[in-house]
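Me: Got a model open and want a quick walk through it. Can you take my questions as they come?

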Amino acid sequence: MALVEGCKHSLEITVPVAEVEKETERAVAQIQSKVKLPGFRPGKVPVGLVKQRFAGDIRQDVLDKLVPRFLNAAVEKDNLQLAGQPKVTDVHFHTGEPLRFKAEFEVAPEIELKEYRGLAITYNEPEVTDADVDARVQEIREQKAEYVNEEQRPLADGDHALVSLESLAGVAEKISQDELTLKIGDEHTMPAFTENLRGAAPEESREFEVTYPEDYDRKNLAGKTVRFRATVKAVRRKELPELNDEFAKDLGDYQTLGELSEAVRKSLQRDREQRAQEDAKHQLIDRLVELHEFPVPDAYVDRQIEMNLENQLRTLAAQGVDPRSIKLDWQKVRESQKERASRDVKASLLLDRIGDREAIGATQEEVDREVQRIARQQREAVAVVRAKLQKDGSIGRIAGRIRTDKTLTFLFEQARKEAAK
């Protein structure tokens, strides 16, 4: 008998007496062949004694064999797709009687796809103006600036100071930088550095405190007050290269400044198209989720929350925060992220179904290209990276991401694009 409620299923399963007895005989014979008891040769312990002395082991062995076998048969018979590990309860196992048990589990939801072609989204074709190109070329010029030492004199607003910096108190791990360039009075320089270094001359050291804002991007400094010793090493001025054909040639395969500007224009166009399409794809996901109402298995949601949490911890670790120092209340985390995780799962299931219907998949060439990109990024041999990715199952995930991206691109191409007002 089966009970169904959303994604939750339960089955009451009965195993015939004949199957129970057959499996029991096998378990007894197996133990009899291995057991060693005083007064008996190996394999010659009487069956009755084996059943008496090892009743618990026999019972567990029979259950371990019969429960999964008959549960899997019932699941296959009803054509169910399990979403998590079944919970087995109400086990009735008595000599001479059928084995009865109840299995509770979740199944993947049945999804009836609505019309997903021609979804309306807001989208404007990105444009790149001459001013945008000029601004980007100027940024490149700034990056190629050289800093020339001035005569020794006290620092004033507008100067570029070369300083050595070390923390004296306020942080667990000492900060030490031998050569740090700061522009005195600049909006991007923290006021405490400007105020305490203004008027300092080369070879002069000053000690002062800097209080970092709570939302500072370096988490190990956010919200902290740190005492520093800063020693001025030089006063510098910034010299920008001239914008001419020589400047373009120094940057790569460009013969003229015009060629550089055209390459910059194409790069900006690609970047803006990518960002605009990413925004459009997020809209498409929202539309799909809004169009489809179906239950989501808790097992899928929990798995998504775990993935999201792992990504957050990796981000914190990259910012210098030790994930082991963070104490988490899993129940609170689950509740706070449940809505987002449920939406992410719905979107993933829908995109998977659409990919099936449209026969969209990752080609071997596309997977190989991604593996090669990862190898370049990690500066390792392609064969070594591929072996690692295959071992930990990442190859399948790479193919899945490619398929999802291609499905979203398909939906974007089919979408009805309306200009933003």
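The chat below goes through pockets, salt bridges, two helices and one strand residue.

Me: Before anything else, what kind of model is this?
Reply: It is a predicted model.

Me: OK, pockets. How much space lies in the largest pocket?
Reply: About 2,000 Å³.

Me: Which residues lie nearest its centre?
Reply: Gln304, Asp344, Ser348, Leu349 and Thr404. The full lining has 49 residues.

Me: Which elements give two or more residues to that lining?
Reply: Four helices: H7 (257-291), H8 (298-318), H9 (330-357) and H12 (394-414). The largest share comes from H12, with 13 residues.

Me: How does the lining of the largest pocket divide by residue type?
Reply: There are 18 nonpolar, 17 polar and 14 charged residues.

Me: And the second largest pocket, how much space lies there?
Reply: About 320 Å³. It is lined by 14 residues, and the closest to its centre are Thr24, Ile58, Phe93, His94 and Thr95. H1 and H3 are the elements that give two or more residues to this lining.

Me: What about residue types in the lining of the second largest pocket?
Reply: Six are nonpolar, four polar and four charged.

Me: H1 came up there. Which of its residues are buried?
Reply: Val20, Glu23, Ala27, Val28, Ile31 and Gln32. The cover over them includes strand S2 (8-15), helix H2 (47-53), helix H3 (55-77) and strand S4 (99-106).

Me: What does H1 reach from its first C-alpha to its last?
Reply: H1 covers residues 17-34, so 18 residues, and reaches 26 Å. That is close to the 26 Å expected at 1.5 Å a residue.

Me: Glu23 is a charged residue on a buried list. Which network of salt bridges is Glu23 linked in?
Reply: Glu23 is linked with Glu19, Arg26, Asp61, Lys65 and Arg69 in a network of salt bridges.

Me: Switching to the whole structure. How many salt bridges does a search find?
Reply: The search finds 38.

Me: Give me one. Which side chain does Lys238 meet in a salt bridge?
Reply: Glu142, at 2.4 Å from N to O. Lys238 lies in strand S10 (residues 225-239) and Glu142 in helix H4 (residues 130-143), so the pair ties together parts 96 residues apart in sequence.

Me: Are those two ends buried or partly exposed?
Reply: Both are partly exposed. Lys238 has a relative accessible area of 30%, and Glu142 is at 33%.

Me: S10 again: what does Arg227 form a salt bridge with?
Reply: Glu207, with the closest N and O atoms 3.7 Å apart. This pair links distant parts of the chain, Arg227 in strand S10 and Glu207 in strand S9 (residues 205-211), 20 residues apart. Arg227 counts as partly exposed at 31% relative accessibility. Glu207 does too, at 41%.

Me: Back to H12. Which residue forms a salt bridge with Arg403?
Reply: Asp356, with the closest N and O atoms 2.5 Å apart. Arg403 lies in helix H12 and Asp356 in helix H9, so the pair ties together parts that are 47 residues apart in sequence.

Me: Why does Arg403 count as buried?
Reply: Because its relative accessibility is 17%, and buried means under 20%. Asp356 is partly exposed, at 47%.

Me: Now H10. Which residues there are buried?
Reply: Glu366, Val367, Val371, Ile374 and Ala375. What covers them includes helix H11 (382-391) and H12.

Me: How many residues does H10 have, and what does it reach?
Reply: H10 (residues 364-378) has 15 residues and reaches 21 Å, close to the 21 Å expected.

Me: What comes just after H10?
Reply: Arg379, which takes a positive phi of about 55°.

Me: Last one, Ala103. Where is it found?
Reply: Ala103 is in strand S4. At 0% relative accessibility it counts as buried.

Me: What is Ala103 in contact with, leaving aside neighbours within four places in sequence?
Reply: His9, Ser10, Leu11, Leu71 and Lys87. The C-alpha atoms of Ala103 and Lys87 are separated by 5.5 Å, with the two residues 16 apart along the chain.

Note on methods. Residues numbered from 1 in each chain as written. Predicted model: local features only at pLDDT ≥ 70, side-chain atom pairs only at ≥ 80, totals over all residues. Heavy atoms only, no water. Buried < 20%, exposed > 50% of the residue type's maximum accessible area, 1.4 Å probe, protein only. Contact = heavy atoms within 4.5 Å. 1 Å grid on protein atoms, 1.4 Å probe; cavity = no way out; pocket = protein on both sides within 12 Å on 5 of 7 lines; lining within 4 Å. Points joined across faces, edges and corners; volume = space filled by probe spheres on them. Nonpolar A, V, L, I, M, F, W, Y, C, P; charged D, E, K, R; others polar. Salt bridge = Lys/Arg side-chain N within 4 Å of Asp/Glu carboxyl O.
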